[in-house]
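Work through the exercises below with the sequence and the structure at hand. Each task is followed by a solution in steps.

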Amino acid sequence: MTTAMGAALRRIQLGNALSAFGNGFTVPFLFVYVAQVRDLGANTAGLVLATFAVAALVVLPFTGRVIDRRGPLSVAVAGAVAAAVGSMGLGLAASEPLVIAAAGVLGAGMAVIQPALATLIVWCSSTATRSRAFAMQFFLSNLGLGVGGLFGGLLVDTSSPSSFVRLFAIDAAMFLVLGAAVATVRLAKTPVFADAVPTDGSLGARGGWRALFRDRAMVRLCVLGFVMFFACYGQFESGLSAFAVEVAHVSPAMLGVALAANTAVIVVAQFVVLKLVERRRRSRVIALVGLVWTAAWVVAGSAGLVPGSQVLGTAAIISAYALFGLGESMLSPTVAPLVADLAPPSLLGQYNSAFSLVKQLALAIGPAVGGLMAGAGLYGTYIASLIVCSLGVTVLGLRLGRRLTAGQDNPLRALAGGSVPAPRKELKELKELKEPVEAVEAEGRPAGTVTAAV
């Protein structure tokens with residue numbers, strides 16, 4: 001990594017951390033703000049949350065094409081400005097149409113920012129440093145969100161709408177800081193990504209999507225990503241929290257402690273976990289995450305097995321959230337770099353946007369399914385289904401490994417020339433190449449000429 005790349009990456013990471021800090025002022029209180037402070041009711045608050053997902057699903061199919069044609073810098077700045085306008089609009093809106101419209105602008109802006117920043121991080125990192133760069137982004141995002149939530153809790157006053165205007169103003173300002181940080185980045189494209197921004201228009205949206213769907217490894221990773229986000233992130237604020245309150249009898253305050261435990265594990269363990277996983281096969285790490293999350297759902301399910309024991313139930317729920325955090329810290333240096341390594345240089349934005357789209361689909365469907373099952377009281381079926389999904393992550397992770405090259409599955413060891421188990425197809429090709437060489441060596445002739453011919 002060059003000095004310019006390192007300086008650009010630090011600027012991007014700082015802007016990302018500050019925008020997460022701003023989000024912490026508003027995200028935990030959004031439902032209460034719409035439903036109670038603006039007195040628009042729980043249904044409108046739920047509609048606002050759904051609007052975020054809908055807005056993301058509308059803009060993401062087109063975002064990748066714009067990133068690949070225009071570059072991620074302008075897209076990230078535009079997304080940050082839109083998010084700032086949407087956040088400030090939420091703070092000032094007092095009617096249902098205005099609140100929903102502001103939520104749509106904010107959701108679209110935030111959705112656009114994600115793949116643009118992912119593409120920028122790839123541009124500012126090398127194969128050897130990419131896992132650490134994405135781990136740092138995840139670490140700073142969670143740290144900023146947690147610290148922002150703490151400060152927001154000190155400023156919030158449900159009896160005063162003006163206190164929420166201040167919160168949303170801080171959030172909007174932090175988005176503008178992110179936009180300014182990205183706008184001042186001056187980075188010449190590295191040789192590896194010299195063709196990352198096509199100028200001839202030859203790769204339209206359809207061509208990009210066709211190429212992506214032909215990439216079997218990427219399709220499998222998208223399916224895997226959907227299951228992962230559905231089984232974890234998509235349940236935090238719906239089925240899992242409902243199970244904790246209704247079955248394990250966890251108080252809302254202790255549920256906040258469980259969420260804090262999730263963030264604390266990520267912040268404390270991220271770089272310890274990074275050292276353990278960055279030289280291992282990515283597919284194996286993903287498979288291990290599935291087992292960790294299986295344990296988390298088993299522990300969460302056990303919270304409802306001891307009737308009347310609120311202490312044990314609370315401890316089980318907090319432990320489950322902590323285990324989810326451990327799995328998340330394993331994924332951050334694994335999945336996003338893998339998307340980048342699978343992408344052709346000219347479709348890097350398209351691949352990042354596609355994976356963001358998969359995430360948003362899971363985050364839209366997951367809470368809906370979890371909420372419906374919780375509303376029907378099917379908590380046993382709910383826990384069992386999520387255990388199956390987590391085991392599915394393990395199976396899909398192992399199957400994905402068969403589609404990856406050695407460099408994609410374990411780039412650091414491949415760069416170092418280490419022994420990395422190759423997929424079955426590569427092993428077969430290697431065996432076919434070695435057979436004529438071994439035959440020549442058996443006759444006593446040098447094998448170099450045959451190897452060159454092959």
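The model used here is predicted.

**Exercise 1.** Decide whether Val272 is buried or exposed, and place Val272 in its helix.

Solution. Val272 has a relative accessibility of 53%. The cut-off for exposed is over 50%, so Val272 counts as exposed. Val272 belongs to helix α11, which covers residues 252-277. Its C-alpha atom is 9.4 Å from that of Ser329, a residue 57 positions away along the chain.

**Exercise 2.** Describe the surroundings of Glu328, and find what its side chain contacts in place of a salt-bridge partner.

Solution. Start with the position: Glu328 is part of helix α13 (residues 310-331). Next, look for a partner of opposite charge. The nearest such side chain is Lys359, at 8.3 Å. A salt bridge requires a distance within 4 Å, and Glu328, although buried, has none. Then check polar contacts: the side chains of Glu328 and Tyr233 make one at 3.3 Å. Finally, list the neighbours beyond four places in sequence; among them are Phe138, Cys232, Phe236, Asn262, Ile266 and Trp293.

**Exercise 3.** State how many salt bridges the model has, and trace which parts of the chain they link.

Solution. The count is 4 salt bridges.

- Glu278 pairs with Arg132 at 3.3 Å, N to O. This joins the loop between α11 and α12 to helix α6 (residues 130-155), across 146 residues. Glu278 counts as buried because its relative accessibility is 16%, while Arg132, at 36%, counts as partly exposed.
- Arg281 pairs with Asp409 at 2.6 Å, N to O. Here the same loop between α11 and α12 is linked to helix α17 (residues 406-409), 128 residues apart. Arg281 is buried at 12%, and Asp409 is buried at 2%.
- Arg282 pairs with Asp341, with 2.8 Å between the closest N and O atoms. The pair connects helix α12 with helix α14 (residues 335-342), 59 residues apart. Arg282 is buried, with a relative accessible area of 4%.

To see how Arg282 and Asp341 fit into a wider arrangement, add Arg130: these residues form a network of salt bridges.

**Exercise 4.** Find how many cavities of 30 Å³ or more there are, and which residues line the largest.

Solution. There are 2 cavities of 30 Å³ or more. The largest holds about 60 Å³ of space. Its lining includes Glu278, Arg282 and Asp409. Each of these takes part in a salt bridge from Exercise 3: Glu278 with Arg132, Asp409 with Arg281, and Arg282 with Asp341. Other lining residues include Ser131, Val277, Pro333 and Asn410.

Methods:
Residues are numbered from 1 along each chain as its sequence is written. This is a predicted model: local features need pLDDT of at least 70, side-chain atom pairs count only at pLDDT 80 or more; totals for chains, interfaces and linings use all residues. Side-chain values use heavy atoms; hydrogens and water are left out. Helices (H or I, at least four residues) and strands (E, at least two) are DSSP runs, numbered from the N terminus. Buried means under 20% relative accessible area, exposed over 50%, partly exposed in between (1.4 Å probe, protein chains only). Lys and Arg count as positive and Asp and Glu as negative; His and the chain ends are not counted. A polar contact is a pair of N or O atoms within 3.5 Å; within protein, one must be able to donate a hydrogen and the other to accept it, and residues adjacent in sequence count only if both atoms are side-chain atoms. Contact means heavy atoms within 4.5 Å. On a 1 Å grid over the protein atoms alone, a cavity is a set of points where a 1.4 Å probe fits but cannot get out, and a pocket is an open set with protein on both sides within 12 Å along at least five of seven lines; lining residues have an atom within 4 Å of a point. Grid points are joined across faces, edges and corners, and a volume is the space filled by probe spheres set on the points.
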